[in-house]
Each structure stands twice: as structure tokens, then as C-alpha cells.
Amino acid sequence: METILQFGGHQLPAVLPGEPRHVPGGLIVPAGDVRILHPFGAVDFYRHGWNSYSPTAWWPLGGPPLRIPGPERMLTADDIDNDSPYRHAGSAVGALDAGGGNVLLLGGLGLDVPRVEADDRLLAGHWEHPDADWFLGYGPEEEVFARYAELLGERLGRRTTRAGNVWCSWYSFFEDITEPLIHKVLDDLRGYPFDVVQLDDGWQAAVGDWEPGSDFPSGMADMAARIRDHGFVPGLWLAPFIAPAHSEIFQTRPHLFLRDAAGDPKPAGFNWGGSYFALDTTLPETRDHLAATFAQVRDWGYRYLKLDFAYAGALSGARHRDVPREQAYRDAIRLFREVAGEDTYLLGSGAPIIPSIGVLDGVRASPDVAPYWDNSERSDDYSGAGARNAVIASLHRLWLRPLLEVDPDPVFFRTRYNLLDDACKQLLTDLAGICGFRAVSDPIAWLDEPERRALVAFLTGSPEIHRLDRHRFLVDGREVDFGPYVNPAGRISDRLLVK
């Protein structure tokens, strides 16, 4: 239907799939394709990425779209096709800067991968499977995003469990973890105010084969008991939806995997020396395998689970059951919740954001952080590892906090093996305080005495946060301006502006 929408004194010609209805803060538009002509010109567009790794930022419509270079990276980090050099596009929700602190927002209120596109004249929305409504809102930016989050929560649910202070092995040791090493780390962590100690990738026999590898001869139940004895909640990394070709599960049960159009197992990405593949979670045998995996991990004693590469549960492909791909993902993580229990904290990494709401307790909001600001060889890739990309995406997903925890990834206090200067380390610390999620990967043995004191102050502090505008905050009365670090040109200032 053709109509004229009235927002903030603007008349917006629109083609809608049905009659909208008024709700506080905007309109509910029926499922289907939406096209709205806007008068704002080449303003900034809020581009929301599909999963944790996907670029998410306000981006100028007057320049090239924010995209991921190369199909291999796109498979991992987003599902927004590079099908137009002009049209800007994102997943689930998009917004235009309407001036005066106001935005025009279009957001999907369900699953099945809504796509929002914009140029200097048009704001449009499309559903992959049109069976959920849209929210169309206009007004002050924080209020409009808050209203969208409220409506998502009414439909998908909310989680309020908090992780507490987390120590994670990945950003110090990466895959090179062993039983004696973790024993030493635990001894050094004793007495420090951490709640969770989480082992990351490297403990398992192989990705997809979730049994302890040879570097953990005493087994994972013994390790969980040691973590508890040191006063911490045991945490563990899993990538439950994927397995590489050399894994035992792929070698012995290839029928469990998602298929492409030719009937072959569909690659879900590239890592560990080759392609890895996604499980078909709609197969009863796959669900039994996943349930058994999570039951075993629970029996070992782990109550904090980081679920990585989670997007693989929502890839397109031929499934046993013909269900929309985000519904297949959500059904699978609901199974994880059922088996792991309400008392287990579930953190999604690389997770499709919207279908995780109401099931997972937290989501990684960004690509991996790193002890360096940017990768100069991939400066045009906003999905790659680095502190820059972690800051940009996390900052622009703060509106999700009423629905689940927003994890910006660990901060760094160490000087050892760290290329970040003090200003950038402070930036990450301030962002963690604003997000309300505190994680660290520094081994105590790598810290000098002043760094240890700073670590404790971070873990025990409760900063008073006031948001001034999109990129400026007061943190305990100190003004922190993220604007120079997230400028659309992609080149970052050398210093944080602190007043």
C-alpha cells in the first residue's frame, strides 16, 4: 500500500505491505517489503552486522558501503552480499541520522534475517522469510533504539544473568594451553577478584571432537574441580556447530553436516589449516550428539560456556528439515540451554545477534580484540581481529544491553606482548566499564606491580557512567570521546580525547 508517513514534521512517501498501527515511539508495520523515501540526503546510516564478527557502525551514505572484502571472510563474518557498490545494507535493523539528535529506524521484530538498506533517498527493508513485523520509529536516538530493544524483548525474551569478572586463556596463550600451564595460572590467580576462569581453544582433541586432548591427561572434570578449588566458576570454550575435515566426527559421521546445492558438505569457513563444516542441527542424530556434548560438559562441572563460531548454526544450505535458518539456530541453542541448565552462563561468539536474544546470557559484540590496534594489511576489513574493530562494533551495540550482556572482549593491562599504548588500553577499559562486562586474559605472571594494582581496581570498580551523545560518555566524571577512534574514514586518531 502507498501512504504518506508523518514523522517529526517530515512527510515520507512509503510503500508498505499493509496498514501500520501506532505504538509508543513509532509504528508497527506488517511483514513484507518496506520502501520509504526520505528527505535527509547522504547522512550517516546505522549498519548493523548479522553476527558478532560483522561490522557494525554509523557509516556515511555518501561513501562506499561498509563491506567485508572477499567471499571467504564474508562466509565467517557476515551475510550481506556485496551486490551493490552504492546501496548500504545491514542485518535486522538500520537507521538514518535525521539531524538534531533524531533518527529514523527500521528494525525487524523476529527471525529469518531481515535486511535493511539505504541510500541518499531510500530506506528499505526485506525479509528472507516474511513472517514478522517491522518497527518504524522516529525520535531521539537513544529513545528510539531503546524502544526497538523493548519490542524485541517482548517477542524474544530477555536474559538477566551476569557473568561477573572473567579470566580467559585465549588472548595470552591462544591454542598453546596445557594442564601444567593452567595449574600455574590458577595458582597465580588465587586471591584475585575473578568470578570465572575460562579455558579457550586448545583443550580439546580436535575442534568437533569434544574430549580432552593429550595436553590434558587428567581430564576436564579434574580441571573443573581445580578451578572450583581455587574459588572460581569453571568456564570452557566450545565451537559446537562446526568440525574440520580431519576431525573424527567428520570422518566417521559425514551425514550429520549441512549440504550445499550439489549435495556436498558445505564449508562454513577456513581455519585450522583447511575448511571446516557446519552441522545440520535439524537432524535428530545431530541433536542427540549436541545434547550428549553439553550433558558431558555439564557433568564435568563447567557452568560458563563460550560458544564460538555460532553463526555456523544459521548458514544457508540443505537441511533435514526445511525450516528457516535462524529458526534452526535458535532451536539448537534452546537445546543447549535445556541441557546445560538455567544455572549455566551461555556466551555466544560469532553468534547471530537477534536470534540469540532470550536464550543466550551474553554475546560477543565484536570481532576479536587483540594486543594491537589495527592490522595494517587488512585495514579495510572491519571484521578482522584488532582493538579498533572491537571498539567500533561494541560501542554501536550498546542498545542491546537490556536484552543480554554485551561482551566487548578482554582488556589488557600488560606491557609484555602488547603493542597497545596507554591511551588505547584506557579506551578498552572505559568501554568495558560502559558495557558492564569485565574480562581479562593477562596472566598475573606477566604483570608488574602497578599493572596488578590497575587490574584489581578495574575488577573491583563500579564506574558511574553517563552518556552524553552517540560517542561521548562521562566515566566517573571524566569525559571520554570515542569519536576520533570510530571515524568513517577508518583511520584512527593516535590518542583518546580525555578532558
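**Pockets, a cavity and one helix**

Hi everyone, let's start with helix α1, which supplies the largest share of the lining of the largest pocket, three residues. Please keep in mind that what you see above is a predicted model.

So how much space lies in that largest pocket? About 700 Å³. Its lining has 31 residues, and if you want to find the centre on your screen, look for R73, N271, F309, D368 and A385, which are the closest to it. Besides α1, at residues 71–77, the elements that give two or more residues to this lining are α3 (170–173) and β20 (267–271). As for the chemistry, the lining of the largest pocket holds 15 nonpolar residues, six polar ones and ten charged ones.

Now let's move to the second largest pocket, with about 390 Å³ of space. Here 22 residues form the lining, and T429, D430, A457, F458 and P463 are the closest to the centre. Which helix gives the most to this lining? That is α11, with seven residues. Both α11 (422–435) and α12 (449–460) supply at least two residues each. By class, the second largest pocket is lined by ten nonpolar, six polar and six charged residues.

Next, the cavities. How many of 30 Å³ or more turn up in a search of the whole structure? Three. The largest cavity has about 80 Å³ of space. Its lining is made of 13 residues, with C168, Q198, D407, D409 and P410 closest to the centre. Two strands, β14 (166–168) and β22, each give two or more residues to that lining. Eight of the lining residues of the largest cavity are nonpolar, one is polar and four are charged.

Strand β22, at residues 304–307, brings us to my last stop, because buried residues of helix α8 pack against this strand. The other partners of those buried residues are α2 (141–156), α7 (284–300), β23 (345–348) and α9 (353–356). Which residues of α8 are buried? They are R325, E326, A328, Y329, R330, A332, I333, L335, F336, R337 and A340.

Here is a check you can do yourselves. Helix α8 has 16 residues, 325–340, and at 1.5 Å a residue it should span 22 Å. The C-alpha atoms at its ends are 23 Å apart, so the model agrees with the expected span. Right after α8 comes G341, with a positive phi near 95°.

That's my tour, thanks for listening!

Technical notes:
Residues numbered from 1 in each chain as written. Predicted model: local features only at pLDDT ≥ 70, side-chain atom pairs only at ≥ 80, totals over all residues. Heavy atoms only, no water. Helix = DSSP H or I, 4+ residues; strand = E, 2+ residues; numbered from the N terminus. Expected span 1.5 Å × (residues − 1). Buried < 20%, exposed > 50% of the residue type's maximum accessible area, 1.4 Å probe, protein only. Contact = heavy atoms within 4.5 Å. 1 Å grid on protein atoms, 1.4 Å probe; cavity = no way out; pocket = protein on both sides within 12 Å on 5 of 7 lines; lining within 4 Å. Points joined across faces, edges and corners; volume = space filled by probe spheres on them. Nonpolar A, V, L, I, M, F, W, Y, C, P; charged D, E, K, R; others polar.
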